[in-house]
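Trainee: I'd like to learn how to read salt bridges in a model. Could you walk me through some?

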Amino acid sequence: MGNKGEKTKEIIRQEAYRLFAEKGFQRVTMTDICEKTGLSRGGVYRYYSSTGDIFSQILSEKTAARQMEQGKSPAVILEELLEEMKHEILDRESSLSLATYEYANLGNQDFFIELNHKAQEKWQQFISHGIETGEFADVDPRQMAELILYYYQGLRMWSRVIPFGEQEGDNFAETIRRMLLRNDAP
């Protein structure tokens with residue numbers, strides 16, 4: 001697929017993300033996505049077969065692995081991830097939590113089990129890498145990955161019904177920093 005095709009797919013995912021965050025999963029149709037992107041039905045179907053296909057692609061995208069491959073410091077990557085996560089916690093209007101819950105309840109549990117498993121593996125690899133470089137404390141990578149993911153997802157879900165402020169986002173980021181970063185790090 002060429003550059004233009006990749007760019008079109010990215011536009012579809014960005015606009016669909018906004019729709020899913022606003023309406024939830026079940027109320028978004030391919031027609032909505034066509035209208036939002038300005039593409040014809042054929043233009044959207046050329047890249048994605050359904051709203052579920054688009055949604056699963058959106059949920060599968062995030063990773064710190066690319067940054068590690070580029071040689072970025074684990075502490076720097078962590079700060080970037082925490083800032084992004086904090087922003088998502090505070091931006092209740094762009095939360096995919098409701099859409100995620102709806103999508104899971106439509107019989108897509110296996111997809112979420114696999115997605116969760118992959119996210120845990122990626123966080124474990126990232127944390128292990130930080131321990132190996134000496135930037136992270138000697139923690140159990142599996143336990144820390146679970147704590148980060150479930151703490152974050154809980155805040156994201158509750159942000160749809162409770163108006164969190166900067167303090168909750170800061171508390172999340174500071175808790176993870178204190179647990180992961182070495183005390184003797186510069």
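**Reading the salt bridges**

Mentor: Let's begin with one acidic residue: Asp32 is buried, its relative accessible area being 16%. Keep in mind that this is a predicted model.

Trainee: Which side chain does Asp32 meet in a salt bridge?

Mentor: The general idea goes like this: side chains of opposite charge can pair when their charged atoms come close. Here, Asp32 pairs with Lys23, with 3.1 Å from N to O. Lys23 has a relative accessibility of 21%, so Lys23 counts as partly exposed. The cut-off for buried is under 20%, and Asp32 at 16% falls on the buried side.

Trainee: How many salt bridges does a search of the whole structure find?

Mentor: The search turns up 11. One of them joins Glu10 and Arg13, and their closest N and O atoms are 2.7 Å apart.

Trainee: Where do Glu10 and Arg13 lie?

Mentor: Both sit in helix H1, which covers residues 3-23. They are three residues apart, or about one turn of the helix.

Trainee: And burial? Is Arg13 buried or exposed?

Mentor: Arg13 is buried, at 9% relative accessible area. Its partner Glu10 is partly exposed, with 31%.

Trainee: Let's try another helix. What is the spacing of Arg177 and Glu174 in helix H10?

Mentor: Helix H10 spans residues 166-180, and Arg177 is part of it. Arg177 and Glu174 are three residues apart in helix H10, so about one helical turn separates them. Their side chains form a salt bridge, at 3.2 Å from N to O. The pair also shows up as a polar contact of 3.2 Å between the side chains.

Trainee: How do I read the accessibility of that pair?

Mentor: Go residue by residue against the cut-off: buried means under 20%. Arg177 has a relative accessibility of 18%, so Arg177 counts as buried. Glu174, with a relative accessible area of 31%, is partly exposed.

Trainee: Which residues does Arg177 touch, leaving out those up to four places away in sequence?

Mentor: With those left out, Arg177 touches Glu79, Leu82 and Glu83.

Trainee: Glu79 caught my eye there. Which residues are linked with Glu79 in a network of salt bridges?

Mentor: Glu174, Arg177 and Arg178 are linked with Glu79 in that network. For Arg177, then, you can put together its place in helix H10, its salt bridge with Glu174 and its membership of the network.

Technical notes. Residues are numbered from 1 along each chain as its sequence is written. This is a predicted model: local features need pLDDT of at least 70, side-chain atom pairs count only at pLDDT 80 or more; totals for chains, interfaces and linings use all residues. Side-chain values use heavy atoms; hydrogens and water are left out. Helices (H or I, at least four residues) and strands (E, at least two) are DSSP runs, numbered from the N terminus. A polar contact is a pair of N or O atoms within 3.5 Å; within protein, one must be able to donate a hydrogen and the other to accept it, and residues adjacent in sequence count only if both atoms are side-chain atoms. Contact means heavy atoms within 4.5 Å. A salt bridge is a side-chain nitrogen of Lys or Arg within 4 Å of a carboxyl oxygen of Asp or Glu. Buried means under 20% relative accessible area, exposed over 50%, partly exposed in between (1.4 Å probe, protein chains only).
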